[in-house]
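Please look over the structure shown here, beginning with its sheet, then turning to its loops and finally to a pair of helices.

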Amino acid sequence: MNILVIGGSGFVGRAVVEAALARGHEVTTFNRGRSGADVPGVEAVRGDRESRADLERLAEGRSWDVVVDTCGYVPRVVGESVRALSGRAGLYAFVSSVSAVDGFPAKPVTEESEGWACAPDAGPDDGDYGVLKAGCERAVEQEFDGDVLIVRPGVILGPHEDVARLPWWLTRISRGGKVLAPGDPAAPLQLIDARDLAAFTLDQAERGTTGSFLVAGPAGEITYGAWLDACVAATGSGAELVWVDDAFLVEHEAGAFVELPLWSPPSEARDNFWGVPTGRAVAAGLRVRPLEETVRDTWAWLREIPEDRRNYGTHNRHGMAPEKEAAILAAWEARSA
């Protein structure tokens with residue numbers, strides 16, 4: 001197939017491009033050239049999706065079998081891209097998020113769940129991440145003249161991760177010593193490797209599949225303890241995980257999800273975060289690699305980058321300062337003495 005990837009040099013987009021090239025597809029990428037080097041073998045078109053002139057230049061004289069949009073966050077911007085490419089491709093595959101589902105994560109979701117109320121021409125200040133993703137979905141569904149595939153992934157990890165969840169934990173654990181491990185080691189996680197997300201998206205594109213899919217790792221099979229144990233094993237650091245309970249962390253103002261990536265104390269607002277149903281995707285062929293493979297491969301990529309240069313891309317905002325971690329650990333040990 002001839003595939004256009006909007007994005008294509010960063011995290012998920014890069015995984016899509018690499019998988020598509022490995023399958024023998026022809027790949028064009030459209031991006032500003034700021035998030036990373038182009039994958040060798042693509043036709044790289046430089047441009048900004050917020051520029052109508054750049055979009056018109058991209059579309060002029062070109063057509064594709066599939067568009068894969070991996071970096072759409074604002075409905076108004078996505079709508080411009082869709083209108084420029086409408087009639088230029090047979091299928092538009094939009095990588096959205098489970099956060100686009102109305103009520104998530106406080107309410108249980110199903111694969112038929114509607115998105116949050118958000119207009120397809122909403123601007124960047126008209127909602128949070130999940131609300132705007134729902135508006136982006138509507139922009140694709142309403143504006144594209146052709147088939148539409150919506151992929152709603154959960155938490156994504158893997159090499160080239162630009163959010164710094166797994167990279168931060170690997171970096172911290174690689175230093176060894178006592179490591180603050182948050183909450184209950186039996187707490188569930190539901191994780192998907194970007195490469196498995198990319199493979200699933202391309203599988204559906206190759207078949208011409210339409211509709212919406214929730215795409216996440218298997219529910220109930222991975223725990224926080226297993227995740228951090230895999231980090232210790234991958235780095236070979238011999239770090240000692242010191243599990244500190246949720247209430248103590250809240251008392252000491254540990255930041256959920258950000259300071260301690262993917263940790264959150266029990267809360268009705270997040271009751272269903274790790275319970276995303278994926279039956280439709282599994283029936284359509286979703287395959288998820290073992291957690292240990294994702295962790296090993298991410299560490300192999302990460303350790304090629306000097307630690308003082310590990311900014312992980314444009315979205316890095318995760319991790320606890322060493323001084324705060326040490327203070328919480330000291331207080332925990334004093335309490336337990």
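The paragraphs below take up these topics in that order.

The model is predicted, and its account may begin with an open sheet of 7 strands, paired in the parallel sense and arranged in the order β3-β2-β1-β4-β5-β6-β11. Because β3 (43-46) and β11 (211-215) each have a single partner strand, they stand at the edges, and one side of each is left without a neighbour in the sheet. From one strand to the next the twist averages 20 degrees. As a general matter, strands of a sheet pair through backbone hydrogen bonds, in either a parallel or an antiparallel manner.

Within this sheet, strand β4 (residues 64-69) pairs with strand β5 (residues 89-95) over 5 bridges in the parallel sense, and Val67 has Tyr92 of β5 as its bridge partner. Helix α6 (residues 194-207) packs on the sheet, where it touches β1 (2-6), β4, β5, β6 (147-153) and β11, and the direction of α6 makes about 160 degrees with that of β6.

The loops hold some backbone geometry that deserves attention, given that most residues other than glycine have a negative phi and most peptide bonds are trans. The peptide bond from Phe104 to Pro105 is cis, with omega near 5 degrees, and Pro105 lies in the loop between β5 and α4 (129-143).

Ala164, which is not a glycine, has a positive phi, near 75 degrees, and is placed in the loop between β7 (155-157) and α5 (165-174). Its relative accessibility is 0%, so Ala164 counts as buried, the cut-off being under 20%. Leu262 is likewise a residue other than glycine with a positive phi, here of about 70 degrees, and it is found in the loop between β15 (260-261) and α9 (279-283). With a relative accessible area of 2%, Leu262 is buried.

How are α5 and helix α10 (residues 291-302) set against each other, in angle and in the distance between their axes? They pack at an angle of about 75 degrees, with axes 10 Å apart, and since angles of 65 to 115 degrees count as roughly perpendicular, α5 and α10 are therefore described in that way. On the α5 side the residues that meet α10 are Leu166, Pro167, Leu170, Thr171 and Ser174, while α10 contributes Thr294, Val295, Thr298, Trp299, Trp301 and Leu302. Sorted by class, this contact of α5 with α10 has 7 nonpolar and 4 polar residues, and no charged ones.

How values were computed: Residues numbered from 1 in each chain as written. Predicted model: local features only at pLDDT ≥ 70, side-chain atom pairs only at ≥ 80, totals over all residues. Heavy atoms only, no water. Pairing = 2+ DSSP bridges. Helix = DSSP H or I, 4+ residues; strand = E, 2+ residues; numbered from the N terminus. Axes fitted to C-alpha atoms, helices over the stretch in contact; angles between N-to-C directions. Contact = heavy atoms within 4.5 Å. Buried < 20%, exposed > 50% of the residue type's maximum accessible area, 1.4 Å probe, protein only. Parallel < 35°, antiparallel > 145°, perpendicular 65-115°, else oblique. Nonpolar A, V, L, I, M, F, W, Y, C, P; charged D, E, K, R; others polar.
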